[in-house]
Amino acid sequence: MLTTIAGLGIVAVLLIGPVPAALSRAAWVQREPRAVLVLWQALGLAAGLAAGGAVLAAALAPLAGSLPGALAAYWRSGDLSGGLDVVHLFLLGAAIGLFGWLLTMTAVSSWRATRCRARQRELVDLVSTPWPNRVSPARATGAGARLIEHPAAAAYCLPGPSSRVVITTGALSLLEPDELDAVLAHEHAHLAERHDLLLLPFAAWSEAMFGLAGTQRTRRAVAQLVEMLADDRACLGRDRAVLAAALARVGAAGASGVAPSGALGSTDLAVLPRVRRLLEPPAPSWWLRTLSYAAAAVTATSPFWAFALPLAVA
């Protein structure tokens with residue numbers, strides 16, 4: 001059991017600390033943002049399982065030499081205490097509490113985001129007017145957008161069952177029609193691929209860890225990759241330089257951060273790196289993509305390897 005506890009503990013420490021820190025600083029992730037997002041999801045899942053598993057293994061250590069055997073022995077005991085002493089019962093409660101806390105924060109974050117976006121949609125409907133698309137019908141990405149009177153240039157979307165894409169009068173006056181079309185295509189890409197669901201677990205993880213710097217760094221890194229995914233989809237059939245120019249215009253106007261809480265804004269995050277990536281797109285790499293997916297598979301299953309190792313050795 002000591003091998004299991006040590007293995008899960010090491011995995012948890014690595015996946016909570018140095019591995020996310022290194023991945024968030026890596027420049028190569030811009031080449032394959034979709035694959036790296038899968039890797040980030042695997043990191044978060046495995047970190048939670050490993051941390052909780054390490055505490056659970058320590059709690060049940062007196063019952064058997066392996067975690068599966070200890071779980072079986074606890075189940076067969078028919079007693080909530082499982083014959084454990086006070087210290088190990090405390091650890092068992094801590095393990096259950098940790099798993100419960102993570103699940104609860106995921107549910108709470110989802111509920112908060114849903115409520116926030118519902119309120120924002122109600123406000124948008126009150127203060128906005130429907131905006132007809134001004135570009136060619138072949139590129140009717142602006143269909144269904146709402147226009148708000150505001151001097152700052154902004155475009156954002158509110159995901160959900162009844163989604164909204166919002167633009168401001170400042171954006172209409174600042175951007176050329178093709179630039180505005182590209183920005184709106186970016187917002188529709190967020191909605192089509194449900195990027196809000198990709199971001200939700202990382203927001204919950206950050207809240208569960210009380211906003212520690214490492215979790216905030218992870219959250220920003222994931223959000224930046226999501227923006228790059230939307231940039232790529234928006235540029236399908238469009239000149240990438242047009243979207244780059246639009247982002248640069250809005251950034252230079254100092255309009256970043258206008259999107260309300262719960263929204264996904266095209267210019268709220270990492271504008272300069274995205275402009276550079278749009279103007280000098282990195283070549284896709286099949287081997288980086290394959291390596292990222294393989295690393296995600298290994299990472300997601302690493303907690304199970306840690307507690308299965310004693311069984312294999314025995």
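These are my notes on one strand and one surface patch in a predicted model.

**Ground rules.** I number residues from 1 along each chain as its sequence is written. Local features need pLDDT of at least 70 and side-chain atom pairs 80 or more, totals for chains, interfaces and linings use all residues, and side-chain values use heavy atoms, without hydrogens and water.

**Strand E4.** I looked up residues 164-168, strand E4. Strands (E, at least two residues) and helices (H or I, at least four) are DSSP runs numbered from the N terminus. I found 5 of the 5 residues of E4 buried, meaning under 20% relative accessible area (exposed is over 50%, partly exposed in between; 1.4 Å probe, protein chains only). Arg164, Val166 and Thr168 are buried on one side, and Val165 and Ile167 on the other. In a regular strand, side chains alternate between the two faces of the sheet.

**Partners of E4.** Strands pair if DSSP finds at least two bridges between them. E2 (residues 145-148) runs parallel to E4, with 4 bridges. There I see Ala145 opposite Val165. E3 (residues 155-158) is antiparallel to E4, also over 4 bridges. Leu158 has Arg164 as its bridge partner. I count 5 residues between E3 and E4 in their hairpin. Gly160 in the turn has a positive phi of about 140°.

**Phe304.** Is this residue of helix H12 buried or partly exposed? I read it as partly exposed, because its relative accessible area is 42%.
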